[in-house]
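Me: I'm new to this one, and I'd like a close look at a single part: the place where the ligand sits. Could you take me through it slowly?

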Amino acid sequence: MSTRAISGKTKICGVIGDPIEHTMSPVMHNTAFSKLGLDYVYVAFRVKAAELSQAVAGMKALNITGLNVTIPHKVSIIPFLDKLDPLAEKIGAVNTVTNNDGVLTGANTDASGFLQALMDQGVDPAKKRVAILGAGGAARAICFSLAERGAELVILNRKLELDWAEKLAAEISGAFNKEVPALELNEANLAATLVKSELLVNATSVGMIPNPDQTPVPASLLKPGMVVFDAVYNPIQTRLRREAEAIGAKTISGLDMLVWQGALAFEKWTGQKPPFALMQQAAMKVLTGHEK
Ligand code: NAP
């Protein structure tokens, strides 16, 4: 690991969450700061839920330039911020805070990063029919960014928590004045939905390590003409993406979403164009365990 000179002028960015040790954000951001010769440093802070308000007050008091926010603080941080950007306000969750002269503004670059990951691969979801699997935190950001772009959504979640999907679908219907069905995630509903879908998004944790042999969709239901986006990034190549690619479907990795959420935060804090490819390489190095 290289060391950069920290000076009296060095600006501080970071991430708050609990747990936080496994975050890839410090590697991505510090690599980008070094490459662009920016006098910034990015560190991880473990912040317990009960100490969130003090942490946000500390951000102001210490004049920290920017913070990413991860589990469990993405929703509970909102009352402590001064402003929200419109998409973060609709979603009701924040993953990026920018400090402009003591005014803290919350944004959701999970949502904008997801959209950027699609657009960057030439996939514009506007007016497309999209099946989203899952109704947790990732699905929420993804559904709002798709709805805002004008996609037609169907949300599928397992029976156990179907009410989560129904609640999310109702919120999106209300916010964007469009019909959003919520269905149980089973083979019959998948078959009926996927036959009409141009984009499939897996926002469940199915296929994630330690269960990389699992997939949320039987291979027989995938179609060559569809785009398959898997929010799971660990492993980078999931079984779902492997099976979709095998039949000729285009796929996009959750790693692109992860890196874009960081890259868009980087741009807010520094005003510089983020070095996406470099940040992606840095994240991949960590994921594949080849970090020196
Ligand atoms: P979460 O809030 O805990 O939600 C998990 C979702 O997965 C829920 O909808 C849950 O359904 C579903 N699920 C879990 N096990 C399942 C199973 N066996 N069968 C069917 N559905 C199942 O988690 P999250 O934060 O949304 O994360 C979901 C995935 O997205 C994780 O793999 C995470 O690493 C990834 N992610 C990626 C990014 C990125 O930038 N690429 C960002 C955030 C998250 P129930 O409601 O029924 O429990």
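How do the residues of the shell around the ligand divide into nonpolar, polar and charged?

Reply: Happy to. Keep in mind that what you see is a predicted model. To take your question head-on, the shell residues split into 11 nonpolar, 7 polar and 2 charged. That makes up the 20 residues that surround the ligand. If you want to find the closest of them, look for A135, A138, N157, R158 and G254.

Now for the parts of the fold that take part. Two elements each give two or more residues to this shell, namely helix 5, which runs over 137–149, and helix 9, which covers 254–270. Helix 9 has the largest share, with 3 residues.

Next, zoom in on some individual contacts, where the backbone does the work of coming close. At A138, a polar backbone atom is 2.8 Å from an oxygen atom of the ligand. G137 also has a backbone N or O atom by a ligand oxygen, this time at 3.0 Å. A231 faces another kind of atom: one of its backbone N or O atoms lies 3.0 Å from a nitrogen of the ligand. As for how wrapped up the ligand is, on its own it has 900 Å² of accessible area, and the protein covers 75% of that.

Step back a little and you'll see where all this happens: the ligand sits in the largest pocket. This pocket has a volume of about 1800 Å³. It is lined by 50 residues, and those closest to its centre are I71, K74, A138, M208 and Y233. You've already met A138, which is also among the closest residues to the ligand. Helix 5 and helix 9 turn up again here, since the elements giving two or more residues to the lining are those two plus helix 1 (25–36) and strand 3 (66–69). By class, the lining counts 26 nonpolar, 18 polar and 6 charged residues.

One lining residue deserves a second glance. I71, one of those closest to the pocket centre, is joined to P72 by a cis peptide bond, with omega at about 10°. P72 itself is in the loop that links strand 3 to strand 4 (83–84). There's another cis peptide bond to look up, between D18 and P19, where omega is about 5°. You'll find P19 in the loop between strand 1 (11–17) and helix 1, and helix 1 is one of the elements that help line the pocket.

How values were computed. Residues numbered from 1 in each chain as written. Predicted model: local features only at pLDDT ≥ 70, side-chain atom pairs only at ≥ 80, totals over all residues. Heavy atoms only, no water. Near = heavy atom within 4 Å. Polar contact = N/O pair within 3.5 Å; in protein donor to acceptor, adjacent residues only side chain to side chain. Areas by Shrake-Rupley, 256 points an atom, 1.4 Å probe, with all protein chains shown as cover. 1 Å grid on protein atoms, 1.4 Å probe; cavity = no way out; pocket = protein on both sides within 12 Å on 5 of 7 lines; lining within 4 Å. Sits in = over half its atoms within 2 Å of the grid points. Helix = DSSP H or I, 4+ residues; strand = E, 2+ residues; numbered from the N terminus. Nonpolar A, V, L, I, M, F, W, Y, C, P; charged D, E, K, R; others polar. Points joined across faces, edges and corners; volume = space filled by probe spheres on them.
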